[in-house]
Amino acid sequence: MKQLSHLIHLVLFSKAIMKNTKLEVERFYRKYMKHCIAPDIDSLKDYLAAAYSLNEKLRKESKHNFFGCEEFITIKGLRNYYDHEAELYNETRIIPTIKTGLLIDGSMFMCLVSTISVESAIKNLRRKDDEASMRSSLNFYGEVVDINICLLNFAIRVYEKVLELNLDIQTSEFLELKA
């Protein structure tokens, strides 16, 4: 009887954990879609914060995390830099790829931040091994860096984690990515 009671407690605890993780996933996708569809002065910073918060919740409540994911390392590095060192100045625009021929990562969107701020974020990394991860997940163009492919790829990594954990996410933002 004691073992059954313990098992019931574990199942209820597990559902509570997945409920919190589910809420974080839903928040992350709301921020991601806001940044993609109607970016504003705060949307990128909100996205970075939501991604970081999702990993923290996932790490604290389960055995899973995104620390082995290059895109998350980049997001964490940028978030830490923009939260603790400097203000975030970004510009997101729809690029007319037919006219420019710049369809580099398969996206018509670019999210540009200054190369100086990215280099500063790299310099501030606690683990110097993370520099290669950051550099490989971004597109550098002289004075600016396009971080959009990193943001997209991380949203896909979260999607894969949702499937792995068998979370039932039914928000329109998540289902949009699923389609």
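## Helix α7 and the aromatic core

The buried residues of helix α7 are N148, I149, C150, L151, F154, A155, V158, Y159, K161, V162 and L165. These positions belong to a predicted model, and the report starts from this helix and then follows its partners through the rest of the protein. The 18 residues of α7 should span 26 Å at 1.5 Å a residue, and the end C-alpha atoms of the helix are indeed 26 Å apart, which agrees with the expectation. Just after α7, N166 takes a positive phi of about 60 degrees.

### The overall setting

The protein contains 8 helices and 4 strands, and along the sequence these elements follow the pattern α-α-α-β-α-β-α-α-β-β-α-α. Of the 179 residues in the protein, 40% are buried. The surface that the protein exposes comes to about 10600 Å², of which carbon and sulfur atoms supply 55%. If one takes the contacts between residues at least 6 apart in sequence, 67% of them join residues at least 24 apart.

### The largest nonpolar core

The largest nonpolar core has 42 residues, and those with the most contacts inside it are F28, Y29, I147, F154 and V158. Two or more residues of this core come from each of α1 (2-37), α2 (43-61), α3 (70-84), β2 (109-114), α5 (115-123) and α7 (148-165). Which element gives the most to this core? The answer is α7, which gives 8 residues.

Y29 shows how one core residue meets several others: leaving out residues up to four places away in sequence, Y29 touches A155, V158, Y159, E173, F174 and L177. Among these partners, A155, V158 and Y159 are also buried residues of α7.

### Aromatic pairs around F28

A search of the whole structure finds 12 aromatic pairs. Two pairs that involve F28 are set side by side below.

| Ring pair | Distance between centres | Angle between planes | Arrangement |
|---|---|---|---|
| F28 and Y32 | 6.5 Å | 10 degrees | stacked |
| F28 and F154 | 5.6 Å | 90 degrees | edge-to-face |

The pair of F28 and Y32 counts as stacked because the planes of the two rings stand at 10 degrees, and planes under 30 degrees apart are given that name. Both residues lie in helix α1 and are 4 residues apart, so they are separated by about one helical turn. F28 and Y32 are both buried.

The pair of F28 and F154 is edge-to-face, because the planes of the rings stand at 90 degrees, and planes over 60 degrees apart are classed in this way. F28 lies in helix α1 whereas F154 lies in helix α7, so the pair ties together parts that are 126 residues apart in sequence. Are F28 and F154 buried or exposed? F28 counts as buried because its relative accessibility is 0%, and F154 likewise counts as buried at 0% relative accessibility.

F28 and F154 also belong to a cluster, in which ring pairs link F28, Y29, Y32, Y47, F66, F67, F72, F154, Y159 and F174.

### Charges over rings

Rings in this model also have charged groups placed over them. K161 lies over the face of F66, at 6.0 Å from the ring centre, and K161 is itself one of the buried residues of α7. The charged end of R79 sits over the ring of Y52, 3.8 Å from the centre of that ring.

### Helix α3 and two arginines

R79 is one of the buried residues of α3, which also include E71, F72, I73, T74, I75, G77, L78, Y81 and Y82. With 15 residues, α3 reaches 21 Å from its first C-alpha to its last, close to the 21 Å expected at 1.5 Å a residue. The buried residues of α3 pack against α2, β2, α5, α6 (130-136) and α7.

Two other arginines lie in helices and are partly exposed. R59 is placed in helix α2 and counts as partly exposed because its relative accessibility is 35%. Its contacts, apart from neighbours within four places in sequence, are with H64, N65 and F67. R59 and T21 are 38 residues apart in sequence, while their C-alpha atoms are 9.7 Å apart in space.

R30 is placed in helix α1 and is partly exposed, with a relative accessible area of 38%. R30 and Y47 are 17 residues apart along the chain, and their C-alpha atoms are separated by 8.8 Å.

Notes: Residues are numbered from 1 along each chain as its sequence is written. This is a predicted model: local features need pLDDT of at least 70, side-chain atom pairs count only at pLDDT 80 or more; totals for chains, interfaces and linings use all residues. Side-chain values use heavy atoms; hydrogens and water are left out. A nonpolar core is a set of buried Ala, Val, Leu, Ile, Met, Phe, Trp, Tyr and Cys residues joined through side-chain atoms within 4.5 Å. Buried means under 20% relative accessible area, exposed over 50%, partly exposed in between (1.4 Å probe, protein chains only). Contact means heavy atoms within 4.5 Å. Rings of Phe, Tyr and Trp (its six-membered ring) pair if their centres lie within 6.5 Å; planes under 30 degrees apart count as stacked, over 60 as edge-to-face and the rest as tilted. A charge sits over a ring if NZ of Lys or CZ of Arg is within 6 Å of the ring centre and within 35 degrees of the ring normal. Accessible areas come from the Shrake-Rupley method with a 1.4 Å probe; for residues, only the protein chains shown count as cover. The expected span of a helix is 1.5 Å times one less than its number of residues.
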